[in-house]
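Biologist: Could you take me on a close look at the salt bridges of this protein, and then show me what surrounds them? I would enjoy one connected account.

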Amino acid sequence: QHGTERAGTSPLNLEKRDFFDRYVRGRDNGFERRAPVRLYVMGRGVQALPHFQRALAGLERTGPVVDEALVRTNIASIQADAGRWEAALNGYRRALAGFRTAGEPTWAAGVLPELAAAFEALGMRDSAIHYYARAAEAMERQGLAAHARDTRLSEAGLLLEEGQERDAVAL
């Protein structure tokens with residue numbers, strides 16, 4: 001079951017809550033000791049793609065939108081790992097739109113650096129720099145300072161490669 005009448009109790013929302021409680025808020029809730037069966041198919045990569053695609057087909061019909069966006073993110077990550085950057089870019093864009101529609105700024109902030117990396121892999125450096133900057137700003141608004149710093153480093157690296165030392169140093 002991918003969702004319930006109350007989106008807040010859907011399995012993906014519960015998984016999301018526990019993940020962020022553990023890794024963002026630092027609460028020891030046992031999340032890292034659970035078997036990764038509901039949302040994650042650890043280490044399976046392309047083998048997991050058909051499972052996520054089936055889940056996506058169901059979510060496109062029944063929602064909730066945030067669950068659909070989470071599955072799109074997983075599919076895009078698999079595509080990126082396989083070097084299918086155009087497909088990854090499309091998936092990340094659609095996931096970002098879904099998180100925005102659902103009013104999920106933290107998840108949207110998490111997709112932005114992935115979107116930037118896809119642009120970077122496709123050689124679209126200006127777009128990559130733009131999305132790294134947007135990602136860092138969004139992470140800062142969400143109180144995710146460490147993630148924002150890491151994203152700024154990716155942005156600065158690209159700026160240095162482009163010969164924009166002053167802009168890189170300003171970050």
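Modeller: Gladly! A salt bridge here is a side-chain nitrogen of Lys or Arg within 4 Å of a carboxyl oxygen of Asp or Glu. This is a predicted model, in which local features need pLDDT of at least 70 and side-chain atom pairs count only at pLDDT 80 or more, while totals for chains, interfaces and linings use all residues. Residues are numbered from 1 along each chain as its sequence is written, and side-chain values use heavy atoms, with hydrogens and water left out.

By the salt-bridge rule, the count comes to 2. In one of them, the side chains of glutamate 60 and arginine 72 meet at 2.7 Å, N to O. This pair links distant parts of the chain, with glutamate 60 in helix α2 and arginine 72 in helix α3, 12 residues apart. Helices are DSSP runs of H or I with at least four residues, strands are runs of E with at least two, and both are numbered from the N terminus. Arginine 72 also forms a salt bridge with glutamate 68, where the closest N and O atoms are 3.0 Å apart. Glutamate 68 and arginine 72 are separated by about one helical turn, because they are 4 residues apart in helix α3. In general, an α-helix has 3.6 residues a turn, so residues three or four places apart point the same way. Glu60, Glu68 and Arg72 are thus linked in a network of salt bridges.

How covered are these three side chains? For burial, the cut-offs are under 20% relative accessible area for buried, over 50% for exposed, and partly exposed in between, with a 1.4 Å probe and protein chains only. Arginine 72 is buried, since its relative accessible area is 8%. Glutamate 68 counts as buried too, at 17% relative accessibility. Glutamate 60, by contrast, is partly exposed, with a relative accessible area of 43%. Glutamate 68 touches Leu56, Leu59 and Glu60, not counting residues up to four places away in sequence; a contact means heavy atoms within 4.5 Å.

Helix α2, which covers residues 49-62, also holds arginine 54. Arginine 54 counts as exposed, because its relative accessibility is 54%. From C-alpha to C-alpha, arginine 54 lies 9.9 Å from valine 71, with their positions 17 residues apart in sequence.

Now let me step back to the whole protein. The model has 8 helices and 0 strands, and its elements run α-α-α-α-α-α-α-α from the N terminus on. Of its 171 residues, 42% are buried. Among contacts between residues at least 6 apart in sequence, 43% join residues at least 24 apart.

The interior is best followed through the nonpolar cores, each a set of buried Ala, Val, Leu, Ile, Met, Phe, Trp, Tyr and Cys residues joined through side-chain atoms within 4.5 Å. The largest has 30 residues, and those with the most contacts inside it are Tyr92, Leu96, Phe99, Leu112, Leu115, Phe119 and Tyr131. Two or more residues each come from α3 (65-81), α4 (85-101), α5 (105-121), α6 (125-141) and α7 (145-161). Helix α5 gives the most to this core, with 9 residues. Apart from this core lies another, of 9 residues, among them Ala55, Val71, Ile75 and Ile78.

Leucine 112 touches Leu96, Arg100, Tyr131, Arg134, Ala135 and Ala138, again leaving out residues up to four places away in sequence. The buried residues of α5 include Trp107, Leu112, Leu115 and Phe119, and those of α6 include Tyr131, Ala135 and Ala138. Helix α5 has 17 residues and reaches 25 Å from its first C-alpha to its last, close to the 24 Å expected at 1.5 Å a residue; that expected span is 1.5 Å times one less than the number of residues. Just after α5, glycine 123 takes a positive phi of about 80°, and just after α6, glycine 143 takes a positive phi of about 80°.

Finally, the aromatic rings. Rings of Phe, Tyr and Trp (its six-membered ring) pair if their centres lie within 6.5 Å, and planes under 30 degrees apart count as stacked, over 60 as edge-to-face and the rest as tilted. By this rule there are 2 aromatic pairs. Phenylalanine 99 and tryptophan 107 are stacked, because their ring centres are 5.7 Å apart and their planes lie at 20°. Phenylalanine 119 and tyrosine 131 form a stacked pair as well, at 5.3 Å centre to centre and 15° between the planes. This second pair links distant parts of the chain, from helix α5 to helix α6, 12 residues apart.
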